[in-house]
Amino acid sequence: MGALPIHQTPTPGEEVPVRSRGRRTPLGALMAALALVGGLLTAAAAPAAARPDDTPQAKRLADSYSWKNVRVDGGGFVPGIVFNRKEKNLAYARTDIGGAYRWDQSGKRWVPLLDSVGWDRWGWTGVVSLASDPVAPDKVYVAAGTYTNSWDPGNGAILRSSDRGTTWQSTALPFKLGGNMPGRGMGERLAVDPNKNSVLYLGAPSGNGLWRSTDSGVTWSKVTAFPNPGNYVQDPNDTSGYASDNQGVVWVTFDERTGSSGSATKTLYVGVADKDNTVYRSTDAGATWSRVAGQPTGYLSHKGVLDTKNGYLYLTTSDKGGPYDGDKGQVWRYATATGEWKNISPMADADTYFGYSGLTVDRQKPGTLMVTGYSSWWPDTQIFRSTDSGATWTRAWDYTSYPNRSFRYTQDISSVPWLNFGTNPTPPEVTPKLGWMTEALEIDPFDSNRMMYGTGATIFGTENLTAWDSGGQAKITPMVKGLEETAVNDLASPPSGAPLLSALGDIGGFRHTDLDAVPAKMYTSPSFTSSTSLDYAESSPNTVVRVGNNDSAPRIAFSTDNGANWFQGTEPPGVTGGGTVAAAADGSGFVWSPDGASSVYRTTGFGNSWTASSGIPAGATVESDRKNPRKFYGYKSGTFYVSTDGGATFTAKASSGLPAESVRFKAVPGAEGDIWLAGGTASGAYGLWHSTDSGATFTKLPNVQQADTIGFGKAAPGASYQTLYTSAKIGGVRGIFRSTDTGKSWTRINDDAHQWGWTGATITGDPRVYGRVYVGTNGRGILRGDVS
């Protein structure tokens, strides 16, 4: 996906109001990153005078819109779950690219809190840490920022709320934060002093050390006395800066016994990404620091949690930073009164093939704790439980006679049935799995029976946890309703059949027959790690094609029943990724521009053989005419290409004035040669263009400053032309816009509370329902807007 426009960086300490109404595999994380190369976080929303409905280029709002997610439920990594320790049922979840959420106990669902983050500050949708105030529960803090390398040129920020995330204020930091960087499951990096809640600490990445605020997060300064900014990097040879970043200071824990109300806690512990020096302590409220003597070495402490009743500090450690790597690990207990360290690992070192990360203490039952083997991928993750401060352990599952296993849990995914991933494994694997990347694990501090944990795809939980201890089984179910974290690469809304088909990162995609229900299954036969493009035959919508990424073939699939069932096609040589694909208007053939291949290719039938197209460069984006089945289009590096022989040969057409990169274009249904093209960059051509002669000429719309997507939906009452939808900048304002008069005027249909960060990948209207639009986000799933 394309680059974002460049803007100015906010200065450190700048106050910006933000309001809200409320993966990933390594490859998936990288793809999500590449989707956002080149953006920059900037100033707040434009003042009312600059709103699009008050400009000549945009009509005053004629319809109000209601917005909600097309339900998937989850779909991405949840690296952190935080319960407030003063108020029952107050809990939060953080995601790596999809914002933060608050638990609504009455509806047993999650409420999104950062939907107000706009285009210019998309990086704030990555949450590296979250802290719920243990003194004043209405207060909550978020450490926001997605990447520490050049993929996110904007600095990180601390967002603070005094109404549980309904509204926010922010302070920009003088460095970046990495909500989607390696090590993001460690933490929490952000912590509030439980005795003097105006004091907060933040562990920073990239060698920036430890930071402190003494005014409830308004201003921040570096703790210059803290001696170690960390030194661990995942891969020092990574030239992108993604895996070569110093993972830094990774958790902060207070010993609340060493303070009194209104006075700063004297003793606190801090975890550092340094295998030789991973735990530090201050006994004078952060004035001086020292390495804790006798601590384990050779591992990174992912978590540090203090059991104040028994005086034990627990550490979960791994040889890697996570969230998907880790080959060895240990669990340690530190007696704060005596200074004794003890290895309390649930498994012997020789038997361990994973690292430990998830760590929680039962506040109602001192001595009860749980940990996870977060990087145990096969046959499943592992969860361990101790009721005697780590002296002995039981496990979520054990081998009986290999490959058979016994379980201390049952698992019901009927509310999110796709979590079986369409698999039918042989023992010792089972479906569904407990999960993977299980770095978030929390026992409710008010209820020993309730536990939640995050995975790479969802939040699971139980409400009868203690059955584990009495020979029974804890019932584990998804506790993820309302949390939508998919990264959306492509959307299609056919004129018949299912109203929506999606191509998603990490979990492939879905056929939605009911927009308000979780689909029964994801795309299978074949499954892709990420789907990159899909299309249907305009006059034969039961014919559908999709392409995506896999470690090996297949990377293309076909359906003849509107996406309900699929079969794989063959591949041309050299394919490494999905690229883009187009279906002929009548389904008689397909054109595929796969990643890695030396050419664009065409096929008749369903991909039994492929022939290289001529006249068009490899890697071009391809689309089909929606009326003429012999006509296909392509675009690359500022040149538009047309084929009139089913994709066999292409001819270069318009190029003057068109953007060189970051372009998406579509042909209008029912009108041959009618094409809309959106895209560009701030340093070159940028906007929206229209052609009615199959790309021979394009006219730039003067009233659209920037546009990144284009989609079509049912015509307005009394209109004959399709309704246009775009994610664009019009009248000086970024938003989701609609035009019912062929682009002559535009209406902004979202508002400042509904922005969802970056929305530049895909958009489509619904051909059957006027006003309905589907918006793809990078981490907040598929948003559906309807005229209300």
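These are my notebook entries on a predicted model of one protein chain.

**Entry 1: overall build**

I began with the secondary structure and found 1 helix and 60 strands in the protein chain. I then looked up the radius of gyration. A compact globule of 788 residues would have a value near 28 Å, and the chain has 26 Å, which agrees. Along the principal axes, the C-alpha atoms fill a box of roughly 80 × 65 × 50 Å.

**Entry 2: inside and outside**

I looked up how much of the chain is covered. Of the 788 residues, 63% are buried. The accessible surface comes to about 25200 Å². Carbon and sulfur atoms account for 48% of that surface.

**Entry 3: charges**

I noted 71 positive and 71 negative side chains in the protein chain. The centres of these two sets lie 2 Å apart. Side chains of opposite charge can pair when their charged atoms come close. I therefore went on to the salt bridges, and the structure holds 25 of them.

**Entry 4: three salt bridges**

I looked up Asp-255 first. Its side chain meets that of Arg-257 in a salt bridge, at 2.7 Å from N to O. Are the two partners buried or exposed, or something in between? Asp-255 counts as buried because its relative accessibility is 3%, under the 20% limit. Arg-257 has a relative accessible area of 43%, so I wrote it down as partly exposed.

Next I took Glu-672 and Lys-631. Their closest N and O atoms are 2.9 Å apart, and the two form a salt bridge. Glu-672 lies in the loop between strand S49 (663-667) and strand S50 (675-680), and Lys-631 in the loop between strand S45 (621-624) and strand S46 (632-636), so this pair ties together parts that are 41 residues apart in sequence. Glu-672 is partly exposed, at 40% relative accessible area. Lys-631 counts as buried, with 9% relative accessibility.

The third pair is Asp-708 with Arg-734, whose side chains meet in a salt bridge of 2.7 Å, N to O. This pair links distant parts of the chain, 26 residues apart. Asp-708 sits in the loop between strand S53 (706-707) and strand S54 (711-713), while Arg-734 belongs to strand S56 (residues 733-739). I checked the cover on this pair too, and both Asp-708 and Arg-734 are buried.

I also found a network. Lys-68, Asp-516, Arg-772, Arg-784 and Asp-786 are joined into one by salt bridges that share partners.

**Entry 5: a nonpolar patch and what lies around its residues**

Which residues form a nonpolar patch on the surface? I found Trp-377, Trp-378, Tyr-399 and Tyr-402, with about 450 Å² of accessible area together. I looked up Trp-378 separately. Trp-378 is in the loop between strand S24 (369-373) and strand S25 (382-386). With 44% relative accessibility, Trp-378 counts as partly exposed.

Tyr-402 turned up again when I looked at peptide bonds. A cis peptide bond joins Tyr-402 to Pro-403, with omega about 10°. Pro-403 is placed in the loop between strand S27 (397-399) and strand S28 (405-407).

From Pro-403 I went to Thr-426. The two are 23 residues apart in sequence, and their C-alpha atoms are 9.0 Å apart in space. Thr-426 lies in the loop between strand S29 (409-411) and strand S30 (441-443). Thr-426 is exposed, at 58% relative accessible area, because the limit for that word is over 50%.

The loop between S29 and S30 also holds Pro-432. The peptide bond from Thr-431 to Pro-432 is cis, and omega is near 0°.

**Entry 6: backbone angles**

Most residues other than glycine have a negative phi, and most peptide bonds are trans. I had noted cis bonds above, so I looked up positive phi values next.

Asp-73 is not a glycine, yet its phi is positive, at about 70°. Asp-73 is in the loop between strand S2 (65-69) and strand S3 (80-83). Asp-73 is buried, with a relative accessible area of 2%.

Trp-756 is not a glycine either, and its phi is positive at about 65°. Its place is in the loop between strand S57 (747-748) and strand S58 (763-765). Trp-756 counts as buried at 3% relative accessibility.

Key. Residues are numbered from 1 along each chain as its sequence is written. Side-chain values use heavy atoms; hydrogens and water are left out. Helices (H or I, at least four residues) and strands (E, at least two) are DSSP runs, numbered from the N terminus. The radius of gyration is taken over C-alpha atoms; the globule rule is 2.2 Å times the number of residues to the power 0.38. Buried means under 20% relative accessible area, exposed over 50%, partly exposed in between (1.4 Å probe, protein chains only). Accessible areas come from the Shrake-Rupley method with a 1.4 Å probe; for residues, only the protein chains shown count as cover. Lys and Arg count as positive and Asp and Glu as negative; His and the chain ends are not counted. The place of a charge is taken as NZ of Lys, CZ of Arg, CG of Asp or CD of Glu. Patches are made of residues with over 30% relative accessible area and no salt bridge: like charges are joined within 9 Å, nonpolar side chains (Val, Leu, Ile, Met, Phe, Trp, Tyr) within 5 Å. A salt bridge is a side-chain nitrogen of Lys or Arg within 4 Å of a carboxyl oxygen of Asp or Glu.
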